[in-house]
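This report introduces one protein chain and its bound ligand to a reader who is new to structural description. Please look at the sequence and the structure before reading on.

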Amino acid sequence: MQTEKEIKEMVKQKYSEIALQDKETNASSCCGAGSCSTEVYHIMSEEYNDLEGYNPDADLGLGCGLPTQFAKIKKGDTVIDLGSGAGNDCFVARAETGETGKVIGIDFTEAMVNKARNNAEKLGFNNVEFRQGDIEMMPVSENVADVI
Ligand SMILES: C[S@@+](CC[C@H](N)C(=O)[O-])C[C@H]1O[C@@H](n2cnc3c(N)ncnc32)[C@H](O)[C@@H]1O
């Protein structure tokens with residue numbers, strides 16, 4: 001049986017592969033990163049295109065149920081996104097918090113965090129921040145979030 005550490009390493013490895021492959025490969029391959037296998041990475045894909053703040057560069061086809069639709073985010077809120085990937089939900093959340101709010105994405109996969117930071121830089125956002133860390137030991141101080 002695998003330990004929790006081994007399972008997390010395996011998860012990081014898989015998401016690194018997804019983060020490091022180009023968007024075209026990800027979109028065109030039924031099998032995601034690393035050529036065809038029995039694993040399919042599009043099973044949780046959602047339709048983000050019409051959402052305000054949507055950034056195609058951050059959408060790796062990994063969305064899980066459009067969480068911002070239910071999060072009741074208000075202008076000025078501080079939002080934390082757990083498992084932020086390339087920033088897909090963070091940029092949609094940022095459209096809801098506006099310039100006066102703040103969005104913090106947390107992800108333990110280094111390649112995802114790098115991709116997300118790169119996306120935020122390209123968009124010129126200074127109130128969307130990505131931190132590398134495990135969501136079971138969040139790299140955030142207490143009582144900062146209005147919405148998680
Ligand atoms: C299904 S993807 C979702 C990405 C993003 N929300 C989107 O819509 O594109 C899940 C992300 O969670 C991260 N993740 C999984 N377990 C984690 C953990 N324990 N701590 C931090 N990040 C984790 C993975 O690295 C991956 O980037």
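The paragraphs below treat the overall fold, the strands, two of the helices, the ligand shell and two loop residues.

**Basis of the description**

This is a predicted model, in which local features need pLDDT of at least 70 and side-chain atom pairs count only at pLDDT 80 or more, while totals for chains, interfaces and linings use all residues. Residues are numbered from 1 along each chain as its sequence is written.

**Overall fold**

The protein chain contains 4 helices and 3 strands. Here helices (H or I, at least four residues) and strands (E, at least two) are DSSP runs, numbered from the N terminus. Along the sequence these elements give the pattern α-α-β-α-β-α-β. Of the chain's 148 residues, 33% count as buried. A residue is called buried if 20 or more other C-beta atoms lie within 10 Å of its own, exposed if 12 or fewer, and partly exposed in between, with C-beta atoms placed from the backbone.

**The strands**

How many bridges join strand 1 and strand 2? These two strands pair in the parallel sense over 5 bridges. Strand 2 and strand 3 (residues 128-132) also pair in the parallel sense, over 5 bridges. Two strands are said to pair if DSSP finds at least two bridges between them. The table lists residues that stand opposite each other or are bridge partners.

| Residue | Partner |
|---|---|
| L82 | I106 in strand 2 |
| I80 | I104 in strand 2 |
| I106 | R131 in strand 3 |
| D107 | Q132 in strand 3 |

Why is strand 2 described as largely enclosed by the rest of the structure? The reason is that 6 of the 6 residues of strand 2 are buried. In a regular strand the side chains alternate between the two faces of the sheet. In strand 2, both faces are covered: K102, I104 and I106 are buried on one side, and V103, G105 and D107 are buried on the other.

Helices connect these strands in sequence. Strand 1, helix 3 and strand 2 form a right-handed β-α-β unit, and strand 2, helix 4 (residues 110-123) and strand 3 form a right-handed β-α-β unit as well. A crossover is right-handed if, with the strands pointing away from the viewer, the path from the first strand over the helix to the second runs clockwise.

**Helix 1 and helix 4**

Helix 1 (residues 4-20) has 17 residues, which at 1.5 Å a residue should span 24 Å; its end C-alpha atoms are 24 Å apart, in agreement. The expected span is 1.5 Å times one less than the number of residues. The buried residues of helix 1 are Y15, I18 and A19. Seen down the axis of helix 1, these buried residues fall within an arc of 95°, so they line one face of the helix. The arc is that of the directions from the helix axis to the C-beta atoms. On the other side of helix 1, K5, E6, M10 and L20 are exposed.

An α-helix has 3.6 residues a turn, so residues three or four places apart point the same way. Helix 4 has 14 residues and reaches 20 Å from its first C-alpha to its last, close to the 20 Å expected. Its buried residues are M112, V113, K115, A116, N119 and A120. They cover an arc of only 165° around the axis, which puts them on the same side of helix 4. The face of helix 4 turned away from this buried side carries the exposed residues E121 and K122.

**The ligand shell**

Which residues are closest to the ligand? Of the 21 residues that surround the ligand, the closest are G83, G85, N88, F108 and T109. A residue counts as near if its C-beta atom, placed from the backbone, lies within 6 Å of the molecule. Helix 1, helix 3 (88-97) and strand 2 (102-107) each supply at least two residues of this shell. By class, the shell has 11 nonpolar, 6 polar and 4 charged residues. Ala, Val, Leu, Ile, Met, Phe, Trp, Tyr, Cys and Pro count as nonpolar, Asp, Glu, Lys and Arg as charged, and the others, Gly among them, as polar.

**Two loop residues**

Most residues other than glycine have a negative phi. L66, however, has a phi near 45°, a positive value. L66 is found in the loop between helix 2 (23-28) and strand 1 (78-82), and is partly exposed, with 14 other C-beta atoms within 10 Å. K72 has a positive phi of about 50° although it is not a glycine. K72 is found in the loop between helix 2 and strand 1, and is exposed, with 10 other C-beta atoms within 10 Å.
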